[in-house]
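Reader: I should like to learn how to read the features of a model such as this one. May we go through them in turn?

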Amino acid sequence: MSISRGSGAGATKTFNFKLVLLGESAVGKSSLVVRFVKDQFDDYRESTIGAAFFTQVVPVDDQTTVKFEIWDTAGQERYKSLAPMYYRNAQCAVVVFDITQEASFEKAKTWVKELQRQADPDIVIALVGNKNDLTSRRAVPAEEAQAYADEAGLLFQETSAKTGANVGDLFKAIAKKMPLDSQKHSQ
Ligand code: GDP
(Lines give C-alpha, C1' and ligand atoms only; values in the text may rest on other atoms or scores of the structure.)
Protein backbone atom coordinates (compact mmCIF):
# COMPACT_ATOMS: atom_id res chain seq x y z
CA MET A 1 0.00 0.00 0.00
CA SER A 2 1.40 3.42 -0.75
CA ILE A 3 0.90 5.93 2.03
CA SER A 4 1.59 9.45 0.96
CA ARG A 5 0.73 12.89 2.19
CA GLY A 6 -2.32 14.29 0.48
CA SER A 7 -3.08 17.98 0.29
CA GLY A 8 -5.14 17.72 3.47
CA ALA A 9 -4.14 16.26 6.79
CA GLY A 10 -3.39 12.57 7.09
CA ALA A 11 -2.32 9.87 4.69
CA THR A 12 -3.80 8.73 1.39
CA LYS A 13 -4.38 5.14 0.31
CA THR A 14 -4.08 4.38 -3.39
CA PHE A 15 -5.96 1.57 -5.12
CA ASN A 16 -4.95 0.37 -8.60
CA PHE A 17 -7.37 -0.94 -11.19
CA LYS A 18 -7.00 -2.01 -14.80
CA LEU A 19 -9.57 -0.26 -16.99
CA VAL A 20 -10.15 -1.26 -20.61
CA LEU A 21 -11.78 0.81 -23.32
CA LEU A 22 -14.02 -0.92 -25.82
CA GLY A 23 -16.21 0.24 -28.67
CA GLU A 24 -16.40 0.59 -32.39
CA SER A 25 -13.67 2.42 -34.25
CA ALA A 26 -13.95 6.25 -34.30
CA VAL A 27 -16.46 6.57 -31.44
CA GLY A 28 -13.87 8.62 -29.55
CA LYS A 29 -12.16 6.14 -27.21
CA SER A 30 -8.70 7.63 -27.60
CA SER A 31 -10.08 11.16 -27.48
CA LEU A 32 -11.81 10.40 -24.17
CA VAL A 33 -8.58 9.16 -22.61
CA VAL A 34 -6.60 12.11 -23.91
CA ARG A 35 -9.25 14.48 -22.53
CA PHE A 36 -9.20 12.69 -19.18
CA VAL A 37 -5.44 12.31 -18.83
CA LYS A 38 -4.15 15.46 -20.56
CA ASP A 39 -7.26 17.64 -20.73
CA GLN A 40 -6.73 18.12 -24.47
CA PHE A 41 -8.69 17.46 -27.64
CA ASP A 42 -7.49 17.25 -31.22
CA ASP A 43 -10.10 17.59 -33.98
CA TYR A 44 -7.78 16.04 -36.51
CA ARG A 45 -6.80 13.08 -34.40
CA GLU A 46 -6.17 10.02 -36.50
CA SER A 47 -8.47 7.22 -35.52
CA THR A 48 -5.62 5.52 -33.76
CA ILE A 49 -2.87 6.87 -31.60
CA GLY A 50 0.40 5.14 -30.97
CA ALA A 51 0.23 4.89 -27.23
CA ALA A 52 -2.12 2.33 -25.78
CA PHE A 53 -1.51 2.63 -22.07
CA PHE A 54 -2.10 5.52 -19.72
CA THR A 55 -2.40 6.00 -15.99
CA GLN A 56 -4.49 8.58 -14.22
CA VAL A 57 -5.29 9.19 -10.59
CA VAL A 58 -8.75 10.08 -9.29
CA PRO A 59 -9.21 11.30 -5.72
CA VAL A 60 -12.27 9.66 -4.18
CA ASP A 61 -12.14 11.33 -0.77
CA ASP A 62 -9.54 12.81 1.61
CA GLN A 63 -8.06 9.42 2.38
CA THR A 64 -8.60 7.48 -0.82
CA THR A 65 -7.25 7.70 -4.34
CA VAL A 66 -7.91 5.42 -7.30
CA LYS A 67 -5.23 4.96 -9.93
CA PHE A 68 -6.58 3.71 -13.24
CA GLU A 69 -4.30 1.83 -15.61
CA ILE A 70 -6.14 2.59 -18.84
CA TRP A 71 -5.79 0.31 -21.85
CA ASP A 72 -6.83 1.72 -25.19
CA THR A 73 -7.37 -0.62 -28.14
CA ALA A 74 -5.17 1.66 -30.28
CA GLY A 75 -7.35 0.82 -33.28
CA GLN A 76 -6.93 -2.95 -33.13
CA GLU A 77 -10.72 -3.41 -33.27
CA ARG A 78 -10.59 -2.31 -36.91
CA TYR A 79 -8.42 -5.17 -38.03
CA LYS A 80 -9.31 -8.13 -35.86
CA SER A 81 -11.58 -9.04 -33.03
CA LEU A 82 -10.06 -8.09 -29.73
CA ALA A 83 -8.76 -11.08 -27.87
CA PRO A 84 -10.22 -11.78 -24.44
CA MET A 85 -6.62 -11.30 -23.29
CA TYR A 86 -7.22 -7.59 -23.67
CA TYR A 87 -9.92 -7.46 -21.01
CA ARG A 88 -8.74 -10.35 -18.89
CA ASN A 89 -7.80 -9.11 -15.39
CA ALA A 90 -9.62 -5.83 -16.00
CA GLN A 91 -11.62 -4.66 -13.01
CA CYS A 92 -13.44 -2.00 -15.01
CA ALA A 93 -14.46 -1.41 -18.61
CA VAL A 94 -15.69 1.66 -20.45
CA VAL A 95 -17.80 0.68 -23.44
CA VAL A 96 -18.15 3.64 -25.75
CA PHE A 97 -20.61 4.45 -28.52
CA ASP A 98 -21.17 7.57 -30.60
CA ILE A 99 -24.61 9.12 -29.97
CA THR A 100 -24.80 10.02 -33.68
CA GLN A 101 -24.27 6.42 -34.85
CA GLU A 102 -26.99 3.89 -34.04
CA ALA A 103 -24.77 1.01 -35.20
CA SER A 104 -22.13 1.92 -32.65
CA PHE A 105 -24.76 1.59 -29.88
CA GLU A 106 -25.66 -1.90 -31.12
CA LYS A 107 -21.97 -2.80 -31.19
CA ALA A 108 -21.57 -1.49 -27.63
CA LYS A 109 -24.32 -3.86 -26.51
CA THR A 110 -22.48 -6.82 -28.00
CA TRP A 111 -19.33 -5.79 -26.12
CA VAL A 112 -21.30 -5.58 -22.90
CA LYS A 113 -22.67 -9.09 -23.45
CA GLU A 114 -19.21 -10.43 -24.19
CA LEU A 115 -17.78 -8.82 -21.05
CA GLN A 116 -20.62 -10.14 -18.93
CA ARG A 117 -20.02 -13.62 -20.30
CA GLN A 118 -16.24 -13.72 -20.31
CA ALA A 119 -14.66 -11.07 -18.11
CA ASP A 120 -14.23 -11.08 -14.33
CA PRO A 121 -17.74 -11.48 -12.87
CA ASP A 122 -17.18 -8.47 -10.60
CA ILE A 123 -16.12 -6.16 -13.43
CA VAL A 124 -17.60 -2.64 -13.24
CA ILE A 125 -18.89 -1.62 -16.66
CA ALA A 126 -19.71 1.92 -17.74
CA LEU A 127 -21.63 2.57 -20.95
CA VAL A 128 -20.67 5.88 -22.51
CA GLY A 129 -22.52 7.82 -25.20
CA ASN A 130 -19.78 10.08 -26.55
CA LYS A 131 -19.95 13.13 -28.89
CA ASN A 132 -22.91 14.61 -27.06
CA ASP A 133 -21.83 18.03 -28.36
CA LEU A 134 -23.33 16.90 -31.70
CA THR A 135 -26.94 17.09 -30.50
CA SER A 136 -28.39 18.02 -33.89
CA ARG A 137 -27.11 14.70 -35.27
CA ARG A 138 -28.24 12.57 -32.33
CA ALA A 139 -29.39 9.08 -33.39
CA VAL A 140 -29.52 7.37 -29.98
CA PRO A 141 -31.92 8.91 -27.43
CA ALA A 142 -30.31 9.30 -24.01
CA GLU A 143 -33.38 7.68 -22.39
CA GLU A 144 -32.97 4.57 -24.53
CA ALA A 145 -29.31 4.16 -23.57
CA GLN A 146 -30.08 4.87 -19.91
CA ALA A 147 -32.88 2.26 -19.90
CA TYR A 148 -30.56 -0.33 -21.45
CA ALA A 149 -27.82 0.50 -18.92
CA ASP A 150 -30.24 0.16 -15.99
CA GLU A 151 -31.48 -3.17 -17.27
CA ALA A 152 -27.94 -4.50 -17.85
CA GLY A 153 -26.60 -3.14 -14.54
CA LEU A 154 -24.17 -0.62 -16.02
CA LEU A 155 -23.16 2.90 -15.13
CA PHE A 156 -24.22 5.29 -17.88
CA GLN A 157 -22.86 8.68 -18.86
CA GLU A 158 -23.02 10.85 -21.95
CA THR A 159 -19.79 12.69 -22.62
CA SER A 160 -18.03 14.93 -25.04
CA ALA A 161 -14.30 14.42 -25.41
CA LYS A 162 -14.41 17.58 -27.52
CA THR A 163 -15.83 19.95 -24.88
CA GLY A 164 -14.78 17.83 -21.90
CA ALA A 165 -18.39 17.57 -20.69
CA ASN A 166 -18.87 14.85 -18.04
CA VAL A 167 -15.50 13.19 -18.72
CA GLY A 168 -14.17 13.76 -15.18
CA ASP A 169 -17.56 12.78 -13.72
CA LEU A 170 -17.49 9.51 -15.65
CA PHE A 171 -14.18 8.37 -14.20
CA LYS A 172 -15.11 9.63 -10.74
CA ALA A 173 -18.34 7.59 -10.84
CA ILE A 174 -16.37 4.49 -11.83
CA ALA A 175 -13.81 5.10 -9.06
CA LYS A 176 -16.62 5.28 -6.51
CA LYS A 177 -18.01 1.92 -7.69
CA MET A 178 -14.71 0.11 -7.24
CA PRO A 179 -14.10 -2.16 -4.23
CA LEU A 180 -12.06 0.20 -2.08
CA ASP A 181 -12.11 -1.94 1.03
CA SER A 182 -10.00 -4.72 -0.42
CA GLN A 183 -6.26 -4.99 0.20
CA LYS A 184 -5.93 -6.76 -3.13
CA HIS A 185 -5.81 -3.60 -5.22
CA SER A 186 -3.97 -1.31 -2.84
CA GLN A 187 -0.31 -0.52 -3.35
P1 GDP B 1 -11.40 5.86 -31.48
O2 GDP B 1 -11.10 5.20 -32.79
O3 GDP B 1 -12.64 5.28 -30.85
O4 GDP B 1 -10.26 5.89 -30.52
O5 GDP B 1 -11.81 7.38 -31.82
P6 GDP B 1 -10.91 8.72 -31.81
O7 GDP B 1 -10.65 9.17 -30.42
O8 GDP B 1 -9.73 8.51 -32.66
O9 GDP B 1 -11.94 9.77 -32.46
C10 GDP B 1 -12.47 9.58 -33.74
C11 GDP B 1 -12.91 10.92 -34.33
O12 GDP B 1 -13.99 11.47 -33.57
C13 GDP B 1 -11.81 11.98 -34.31
O14 GDP B 1 -11.92 12.77 -35.49
C15 GDP B 1 -12.13 12.82 -33.09
O16 GDP B 1 -11.66 14.14 -33.22
C17 GDP B 1 -13.66 12.76 -33.10
N18 GDP B 1 -14.22 12.88 -31.73
C19 GDP B 1 -13.89 12.15 -30.65
N20 GDP B 1 -14.62 12.52 -29.59
C21 GDP B 1 -15.46 13.49 -30.00
C22 GDP B 1 -16.48 14.28 -29.36
O23 GDP B 1 -16.78 14.16 -28.17
N24 GDP B 1 -17.15 15.19 -30.15
C25 GDP B 1 -16.86 15.37 -31.48
N26 GDP B 1 -17.58 16.28 -32.14
N27 GDP B 1 -15.91 14.64 -32.10
C28 GDP B 1 -15.21 13.72 -31.39
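The dialogue below takes up the fold, the core and the ligand shell.

Author: The model is predicted. A reading may begin with the secondary structure: the protein chain has five helices and seven strands.

Reader: In what pattern do these elements follow along the sequence?

Author: The order in the protein chain is β-β-α-β-β-α-β-α-β-α-β-α.

Reader: What share of contacts joins residues at least 24 apart?

Author: One takes the contacts between residues at least 6 apart in sequence; in the protein chain, 69% of these join residues at least 24 apart.

Reader: How should burial and the core be read?

Author: Burial is judged by counting neighbours, with 20 or more other C-beta atoms within 10 Å as the cut-off. Of the 187 residues of the protein chain, 35% count as buried. The largest nonpolar core holds 44 residues, and A93, V95, V96, I125 and L127 have the most contacts inside it. Elements giving two or more residues to this core include β2 (11-23), α3 (102-118) and β6 (124-130). The greatest contribution, six residues, is from β5.

Reader: Which residues does V95 touch?

Author: Leaving aside residues up to four places away in sequence, V95 touches L22, G23, A108, W111, V112, I125, L127 and V128.

Reader: How many residues surround the ligand, and which are the closest?

Author: The ligand is surrounded by 18 residues, the closest being G28, K29, S30, S31 and K162. By class, the shell has four nonpolar, eight polar and six charged residues. Helix α1 (residues 29-38) supplies the largest share of the shell, three residues.

Methods
Residues numbered from 1 in each chain as written. Predicted model: local features only at pLDDT ≥ 70, side-chain atom pairs only at ≥ 80, totals over all residues. Near = placed C-beta within 6 Å. Helix = DSSP H or I, 4+ residues; strand = E, 2+ residues; numbered from the N terminus. Nonpolar A, V, L, I, M, F, W, Y, C, P; charged D, E, K, R; others polar. Buried ≥ 20, exposed ≤ 12 C-beta atoms within 10 Å, placed from the backbone. Contact = placed C-beta atoms within 7 Å. Core = buried A, V, L, I, M, F, W, Y, C linked by C-beta atoms within 7 Å.
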